[in-house]
Amino acid sequence: MNDVLKTILFVIVWILLIADRCFSDDCLDRPEYLGPDRAAEVADVMFDLLSAAPRRRLAVDYVLRREFAEDIVTAADEFDVPEFLLTTQIFHESSFRTNVIATDRPTVGLGQIHIDGIASKGCDLSTRLGQLRCTSRFLRYCFDHCGGHSWKRALIAYATPGHCESSVEKVQKSARRRVRIWSMYEEQRTRIREEVIFDRGL
């Protein structure tokens with residue numbers, strides 16, 4: 001094997017075995033060191049949720065999806081809402097579309113926020129991040145309003161005029177489904193991160 005091939009082989013091995021490690025001093029303190037960073041994880045969840053519409057630009061363009069995911073993480077962190085739950089909520093409310101306007105009620109945007117309700121107060125619904133912040137804030141409000149221990153109850157309150165319980169089967173079923181999907185993605189993330197830790201011998 002000549003020297004050129006040896007050099008190429010060495011570079012390939014270095015990339016595969018070493019380049020993915022974290023070298024910054026504060027890396028071990030960051031949650032993303034245990035696996036893909038959170039925005040990348042959210043982008044993957046978005047891709048999975050968009051599987052029924054594989055030709056949508058958001059499904060095809062990773063850079064665009066990644067930028068969207070970063071805004072989701074920012075909004076979720078600001079109001080202490082699980083980012084996968086926020087992702088699941090806006091997908092089921094608007095399919096990740098910022099320009100959705102309901103035909104049967106005055107709700108708009110990613111989280112289908114009622115433009116005349118308490119959820120929209122002080123919100124900037126003209127931007128994607130503004131809509132995400134508004135949705136995240138209202139989810140947190142509903143969670144606290146319903147006792148601070150059940151996201152299912154919070155989702156019911158989100159869908160009703162602040163009621164933490166509902167006798168309407170459609171509302172209950174929707175809340176259960178969203179919690180189930182969110183929990184599934186959380187379990188997948190935990191499993192993947194555990195596998196990464198094991199593979200790295202941490």
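This passage describes the aromatic ring pairs and the charges over rings in a predicted model.

A search of the whole structure returned six aromatic pairs. One of them joins Phe68 and Phe96, whose ring centres are 5.9 Å apart; because the planes meet at 70°, this pair is edge-to-face. Phe68 belongs to helix α4 (residues 62-78), while Phe96 lies in the loop between α5 (83-94) and β1 (107-108), so the contact ties together parts that are 28 residues apart in sequence. Phe68 counts as buried, with a relative accessibility of 3%. Phe96 likewise counts as buried, at 3% relative accessibility.

A further aromatic pair is formed by Phe138 and Tyr141, with 6.0 Å from centre to centre and 10° between the planes, an arrangement that is stacked. Both residues lie in helix α6 (residues 128-145), where they are three residues apart, about one turn of the helix. The two differ in burial class: Phe138 has a relative accessible area of 13% and is buried, whereas Tyr141, with a relative accessible area of 40%, is partly exposed.

Phe68 and Phe96 also take part in a cluster, in which ring pairs link them with Phe91. The ring of Phe68 additionally has a charge over it: the charged end of Arg128 sits 4.7 Å from the ring centre. A second arrangement of this kind involves Arg189, whose charged end sits over the ring of Phe84 at 4.0 Å from its centre. Phe68 is thus described by an edge-to-face pair with Phe96, by membership of the cluster and by the charged end of Arg128 over its ring.

Terms used
Residues are numbered from 1 along each chain as its sequence is written. This is a predicted model: local features need pLDDT of at least 70, side-chain atom pairs count only at pLDDT 80 or more; totals for chains, interfaces and linings use all residues. Side-chain values use heavy atoms; hydrogens and water are left out. Rings of Phe, Tyr and Trp (its six-membered ring) pair if their centres lie within 6.5 Å; planes under 30 degrees apart count as stacked, over 60 as edge-to-face and the rest as tilted. Helices (H or I, at least four residues) and strands (E, at least two) are DSSP runs, numbered from the N terminus. Buried means under 20% relative accessible area, exposed over 50%, partly exposed in between (1.4 Å probe, protein chains only). A charge sits over a ring if NZ of Lys or CZ of Arg is within 6 Å of the ring centre and within 35 degrees of the ring normal.
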